[in-house]
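Please open the model in your viewer and keep the sequence panel beside it. The tour below goes from one selection to the next and says what is found at each stop.

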Amino acid sequence: MDFTPTEEQAAARDLAAEIFADLATPERLAAAGSGSDAELWKALCAAGLPGAVEDIGLLGLVLLLEEQGRVTAQVPFAASCVYGVLAVAAHGTAEQRDRWLPALRQGSVVATGALPARGGVTTSADGPISADGTLTGTVGWVPWLRDASVVLVAAADRTLWLVRVADAQVEPVELTAPWAAGRLVLDGTPGERLGGIGAYGDVRAGARIAFAGLQAGVCAGSLARAVAHTNEREQFGRPLAAKQGVQLRAADAYMDTEAIRVTAYEAAWRRDTGLPYDTHALTAAWWASEAGTRVVHAGQHLHGGAGADLDHPVHRHFLWGRQLDAYLGCGSEVLEELGELLSQGGRHGRCGRQGGPE
């Protein structure tokens, strides 16, 4: 295994870090409320970062999402890349790639996904699929749906369908984190089939890895704020960071953050190199869910009373960490799915670069 970024991956990461640092400031985030930052999204697209994901792979996307998570930037970057650019590039027909990818790369079309968080229990399009490709069902909430032009829907039979948001009914939903979410209602809504039987497993596993990378950045940002605060804040003439209890709590959070990062890197690297990565995607999701919750709680606690302030920047990391925990399926549920897969010898849900469940 070699997780050293290529020149292209490193350049894209550094460019993303610069854009996020310049535009995703606490003041701009507060002004955005629960919506997305349109100016920041335009800047990312003008820099060509959504389109670059095809060249830098899933590991490159994880590196970019780490930078987004560090500042909790409110843009649909993860969703549009994993459910749009990568999904269509890997599983679309030549005609679909020609029709969808240029706009997805430019950011003029934003994609999101209505995929289940856990195993085969679908939370999307649970109604029938008609012979002419129309779908009926309700998705309780879909991240960044209010920003999206197209949503990738997983039907009850684990087929994937591209649905134009304009053809569906969308009701705004407020989540723990400000993800511009919405409730998706499909009632005889036309859909366009994407990929074959393996597409569902591949896209779902890729999404888990991508959002685990986002959680790594959220945790790193929370920890960085906690370290800065405890070094500056003094109690009885000494910085809080000098106290052993604070040091141990921060050290545990650091180790958890590194575990999230390395498991996401490994899973993404395996997907990019064409190796099976089904269990690795679940492992990354478990660490992101279970350890991510610990880290954002520690970050808030190490701020003392300031951490309880809803307007404090560290509270945003807390909200994002909890939302990602829920989105990934919660640690115990992911662990149950991983255990079932391991007990079956990895026979079900084995993923490769172009495949999903066998």
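Before the first selection, one convention is needed: an angle between axes under 35 degrees counts as roughly parallel, and one over 145 as roughly antiparallel. Please also keep in mind throughout that this is a predicted model.

**Stop 1: helices H7 and H9**

Select residues 199-232, which make up helix H7, together with residues 278-301, which make up helix H9; the two pack at an angle of about 20°, and their axes are 9 Å apart. With the cut-off of under 35 degrees in hand, H7 and H9 are therefore roughly parallel to each other. If you turn the view so that one helix lies in front of the other, the crossing in which H7 passes H9 is left-handed.

To see the contact itself, show the side chains on the H7 side, where Ala205, Arg208, Ile209, Ala212, Gln215, Val218, Cys219, Ser222 and Ala226 take part. Their counterparts in H9 are Ala281, Leu282, Ala284, Ala285, Ala288, Gly292, Val295, Val296 and Gly299. Coloured by class, this contact of H7 with H9 divides into 13 nonpolar, 4 polar and 1 charged residues.

**Stop 2: helices H8 and H9**

Keep H9 on display and add helix H8, residues 244-272; the axes of H8 and H9 come within 8 Å and cross at roughly 155°. That angle makes H8 roughly antiparallel to H9. The crossing of H8 over H9 is again a left-handed one. As for the residues of this contact of H8 with H9, 12 are nonpolar, 7 are polar and 5 are charged.

While H8 is still selected, centre the view on Arg270, which has its place in this helix. Is Arg270 buried or exposed? With a relative accessible area of 17%, Arg270 is buried. If its neighbours within four places in sequence are left aside, Arg270 is in contact with Leu275, Pro276, Tyr277 and His280. For a distance label, pick the C-alpha atoms of Arg270 and His280, which are separated by 8.4 Å, the two residues being 10 apart along the chain.

**Stop 3: the aromatic residues**

Next, show the rings of Phe, Tyr and Trp; how many aromatic pairs does the structure hold? There are 11 aromatic pairs. One of them is formed by Trp144 and Trp179, a stacked pair with 4.8 Å from centre to centre and 15° between the planes. This pair links distant parts of the chain, 35 residues apart: Trp144 lies in the loop between strand S2 (134-142) and S3, and Trp179 in the loop between strand S5 (169-172) and strand S6 (182-190). Trp144 counts as buried at 0% relative accessibility, and Trp179 is likewise buried, with a relative accessible area of 1%.

Now move to Phe211 and Tyr327, whose ring centres are 4.8 Å apart and whose planes stand at 65°, so this pair is edge-to-face. It too links distant parts of the chain, since Phe211 belongs to helix H7 and Tyr327 to helix H10 (residues 313-327), 116 residues apart. Phe211 is buried, with a relative accessible area of 0%, while Tyr327 counts as buried at 12% relative accessibility. Selecting Tyr83, Trp141, Trp144, Trp179, Phe211, Trp320 and Tyr327 together displays one aromatic cluster.

**Stop 4: two backbone positions with positive phi**

Turn next to the backbone at Thr72, which has a positive phi of about 50° although it is not a glycine. Thr72 is placed in the loop between helix H4 (49-71) and helix H5 (77-91), and at 2% relative accessibility it counts as buried.

Then select Arg158, which is not a glycine either and has a positive phi of about 65°. Arg158 sits in the loop between strand S3 (150-154) and strand S4 (160-164), and at 34% relative accessibility it counts as partly exposed.

**Stop 5: Ala17**

Finally, go to helix H1 (residues 7-23), where Ala17 is found. Ala17 is partly exposed, with a relative accessible area of 24%. A last distance label can join the C-alpha atoms of Ala17 and Ala90, which are 73 residues apart along the chain and separated by 27 Å.

Technical notes. Residues are numbered from 1 along each chain as its sequence is written. This is a predicted model: local features need pLDDT of at least 70, side-chain atom pairs count only at pLDDT 80 or more; totals for chains, interfaces and linings use all residues. Side-chain values use heavy atoms; hydrogens and water are left out. Axes are lines fitted to C-alpha atoms, for helices over the stretch in contact, and angles run from 0 to 180 degrees between N-to-C directions. Helices (H or I, at least four residues) and strands (E, at least two) are DSSP runs, numbered from the N terminus. Angles under 35 degrees count as roughly parallel, over 145 as roughly antiparallel, 65 to 115 as roughly perpendicular and the rest as oblique. A crossing is left-handed if the near helix is turned anticlockwise from the far one by less than a right angle, and right-handed if clockwise. Contact means heavy atoms within 4.5 Å. Ala, Val, Leu, Ile, Met, Phe, Trp, Tyr, Cys and Pro count as nonpolar, Asp, Glu, Lys and Arg as charged, and the others, Gly among them, as polar. Buried means under 20% relative accessible area, exposed over 50%, partly exposed in between (1.4 Å probe, protein chains only). Rings of Phe, Tyr and Trp (its six-membered ring) pair if their centres lie within 6.5 Å; planes under 30 degrees apart count as stacked, over 60 as edge-to-face and the rest as tilted.
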